[in-house]
Amino acid sequence: MRQILLVLGGVCVFAVAAAVMVAIMPAPLKDSDYLVIGSIATLVSLLVMFLVLIATRLKSPDPFFKKRKKKR
């Protein structure tokens with residue numbers, strides 16, 4: 001269930017970011033403008049999903065490093 005909500009949230013963030021970029025870009029849009037809009041929307045949605053995962057699932061003090069067991 002959480003994975004479905006995460007995917008739906010990512011899709012919503014993508015759609016909002018793309019809509020904002022379409023509204024910001026000047027009127028005669030070329031194919032390259034749509035490429036830039038999609039790239040930025042993808043970057044924003046992946047960044048939001050990463051931050052949500054770090055904030056919710058990985059609640060350890062340092063989520064990027066794991067302590068190794070000492071070899072004897």
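The legends below accompany several close-up views of a predicted model of one protein chain.

**Figure 1. The whole chain, with its 2 helices and 0 strands.** In this predicted model, the C-alpha trace of the protein chain spans about 65 × 30 × 15 Å along its principal axes. The radius of gyration of the protein chain is 18 Å, whereas a compact globule of 72 residues would have a value near 11 Å. Of the 72 residues in the protein chain, 11% are buried. The area that the protein chain exposes comes to about 6,600 Å², and carbon and sulfur atoms supply 70% of that area.

**Figure 2. Helix α1, which runs through residues 2–24.** Helix α1 is built from 23 residues and reaches 33 Å from its first C-alpha to its last, a span close to the 33 Å that is expected at 1.5 Å a residue. Which residues of α1 are buried? They are Gly10, Ala17, Ala18 and Met21, and what covers these buried residues includes helix α2.

**Figure 3. Ile24, a residue of helix α1.** Is Ile24 buried or exposed? Ile24 counts as exposed because its relative accessibility is 59%, and the cut-off for this class is over 50%. The view also takes in Ala55, which is 31 residues away from Ile24 along the chain, and the C-alpha atoms of these two residues are separated by 30 Å.

**Figure 4. Helix α2, which runs through residues 31–56.** With 26 residues, helix α2 reaches 38 Å from its first C-alpha to its last, and this is close to the 38 Å expected at 1.5 Å a residue. The buried residues of α2 are Asp33, Ile37, Ala41 and Ser45, and they pack against α1. In an α-helix there are 3.6 residues a turn, so residues three or four places apart point the same way.

**Figure 5. Ser45 and its contacts, seen from its place in helix α2.** Ser45 counts as buried because its relative accessibility is 7%, where buried means under 20%. What does Ser45 touch, once its neighbours within four places in sequence are left aside? Ser45 is then in contact with Gly10, Val13 and Phe14. One of these partners, Gly10, is itself among the buried residues of helix α1.

**Figure 6. A nonpolar patch on the surface, made by Val36, Ile40, Val44, Val48 and Val52.** The area of this nonpolar surface patch is about 310 Å². Two of the residues that make the patch can be followed in more detail here, namely Val36 and Val48. Val36 lies in helix α2, and it counts as partly exposed because its relative accessibility is 38%. Val48 also has its place in helix α2, and with a relative accessible area of 33% Val48 is partly exposed as well. A residue has to have over 30% relative accessible area to be included in a patch, and so the values of 38% for Val36 and 33% for Val48 can be read against that cut-off. For a sense of distance, Val36 and Pro26 are 10 residues apart in sequence, while in space they are 13 Å apart, C-alpha to C-alpha.

**Figure 7. Leu51, a further residue of helix α2.** At 48% relative accessibility, Leu51 counts as partly exposed, a class that lies between buried, under 20%, and exposed, over 50%. How far apart are the C-alpha atoms of Leu51 and Leu8? They are separated by 15 Å, although the two residues are 43 residues apart along the chain.

Terms used. Residues are numbered from 1 along each chain as its sequence is written. This is a predicted model: local features need pLDDT of at least 70, side-chain atom pairs count only at pLDDT 80 or more; totals for chains, interfaces and linings use all residues. Side-chain values use heavy atoms; hydrogens and water are left out. Patches are made of residues with over 30% relative accessible area and no salt bridge: like charges are joined within 9 Å, nonpolar side chains (Val, Leu, Ile, Met, Phe, Trp, Tyr) within 5 Å. Accessible areas come from the Shrake-Rupley method with a 1.4 Å probe; for residues, only the protein chains shown count as cover. A salt bridge is a side-chain nitrogen of Lys or Arg within 4 Å of a carboxyl oxygen of Asp or Glu. Helices (H or I, at least four residues) and strands (E, at least two) are DSSP runs, numbered from the N terminus. Buried means under 20% relative accessible area, exposed over 50%, partly exposed in between (1.4 Å probe, protein chains only). The radius of gyration is taken over C-alpha atoms; the globule rule is 2.2 Å times the number of residues to the power 0.38. The expected span of a helix is 1.5 Å times one less than its number of residues. Contact means heavy atoms within 4.5 Å.
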